[in-house]
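Here are some notes on the model, set out as numbered points for reading beside the sequence and the structure. Each point takes up one topic.

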Amino acid sequence: MATGAVSLAPMTDNMLDKLVEVAVQDAHPNEVTPPLSTDGRQCCDEWAQDRVEWLRTFHQQRREGLTGPAREATWAVVVNG
């Protein structure tokens, strides 16, 4: 577990790239995305392009914050810069 200074950072394109990279390397896809399927069956338990795109789109659509269309905001939790 990381310790140190913790801050919140806006979900910029650069930060989103880092988030996706860490998610794909260190998280199970079911931990950070819903099961995705185009044919109605349960999706596989692996990182596929549709899951990466879902993750990117989810955060991009929340950039306008609570007053935007999604009425949600996401931030990156940054430890020690």
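**Notes on the predicted model**

1. E72 is a reasonable place to begin: with a relative accessible area of 35%, E72 is partly exposed. This glutamate forms a salt bridge with R62, and the closest N and O atoms of the pair are 2.5 Å apart. Both R62 and E72 sit in the loop between α3 and β2, ten residues apart, and the pair is counted as linking distant parts of the chain. R62 has a relative accessible area of 12% and is therefore buried, since buried means under 20%. Please keep in mind throughout that this is a predicted model, and that the distances and areas quoted here are computed from it.

2. Stepping back to the whole chain, the secondary structure comes to three helices and two strands, and these follow the pattern β-α-α-α-β when read along the sequence. The protein chain has 81 residues, of which 27% are buried. About 5,800 Å² of the protein chain is exposed, with carbon and sulfur atoms supplying 53% of that area. Of the contacts between residues at least 6 apart in sequence, 48% join residues at least 24 apart.

3. How many salt bridges does the model contain? The count comes to three, and one of them is the R62 and E72 pair described above. Another is formed by D13 and R63, whose closest N and O atoms are 2.8 Å apart. This pair links distant parts of the chain, as D13 belongs to helix α1 (residues 13-26) and R63 to the loop between α3 (49-60) and β2, 50 residues apart. D13, with a relative accessible area of 49%, is partly exposed, and R63 also counts as partly exposed, at 39%. The value for D13 falls in the partly exposed class because a residue has to be over 50% to be called exposed.

4. The salt bridge between D17 and R56 has its closest N and O atoms 3.0 Å apart. D17 lies in helix α1 and R56 in helix α3, so the pair ties together parts that are 39 residues apart in sequence. As to accessibility, D17 is partly exposed with a relative accessible area of 39%, while R56 counts as partly exposed at 21%. The figure for R56 deserves a careful reading: at 21% it is still classed as partly exposed, because the buried class is reserved for values under 20%.

5. L19 also lies in helix α1, and this leucine is partly exposed, with a relative accessible area of 27%. Which residues does L19 touch, leaving aside those up to four places away in sequence? The contacts are with M11, L55 and H59. For L19 and H59, the separation is 40 residues in sequence and 10.0 Å in space, taken from C-alpha to C-alpha.

6. On the surface, V6, L8, W75, V77 and V79 make a nonpolar patch of about 520 Å². The elements that give two or more residues to this patch are β1 (6-10) and β2 (75-79), and β2 gives the most, with three residues. One of the patch residues, V79, lies in strand β2 and is partly exposed, with a relative accessible area of 33%. V79 can be part of the patch at 33% because patches are made of residues with over 30% relative accessible area.

7. Two backbone positions should be looked at individually. Most residues other than glycine have a negative phi. R71, however, has a positive phi of about 55° although it is not a glycine; this arginine is found in the loop between α3 and β2, and at 64% relative accessibility it counts as exposed. N80 likewise is not a glycine and has a positive phi of about 55°. N80 lies in the segment after β2, and at 52% relative accessibility it counts as exposed.

Conventions: Residues are numbered from 1 along each chain as its sequence is written. This is a predicted model: local features need pLDDT of at least 70, side-chain atom pairs count only at pLDDT 80 or more; totals for chains, interfaces and linings use all residues. Side-chain values use heavy atoms; hydrogens and water are left out. Patches are made of residues with over 30% relative accessible area and no salt bridge: like charges are joined within 9 Å, nonpolar side chains (Val, Leu, Ile, Met, Phe, Trp, Tyr) within 5 Å. Accessible areas come from the Shrake-Rupley method with a 1.4 Å probe; for residues, only the protein chains shown count as cover. A salt bridge is a side-chain nitrogen of Lys or Arg within 4 Å of a carboxyl oxygen of Asp or Glu. Helices (H or I, at least four residues) and strands (E, at least two) are DSSP runs, numbered from the N terminus. Buried means under 20% relative accessible area, exposed over 50%, partly exposed in between (1.4 Å probe, protein chains only). Contact means heavy atoms within 4.5 Å.
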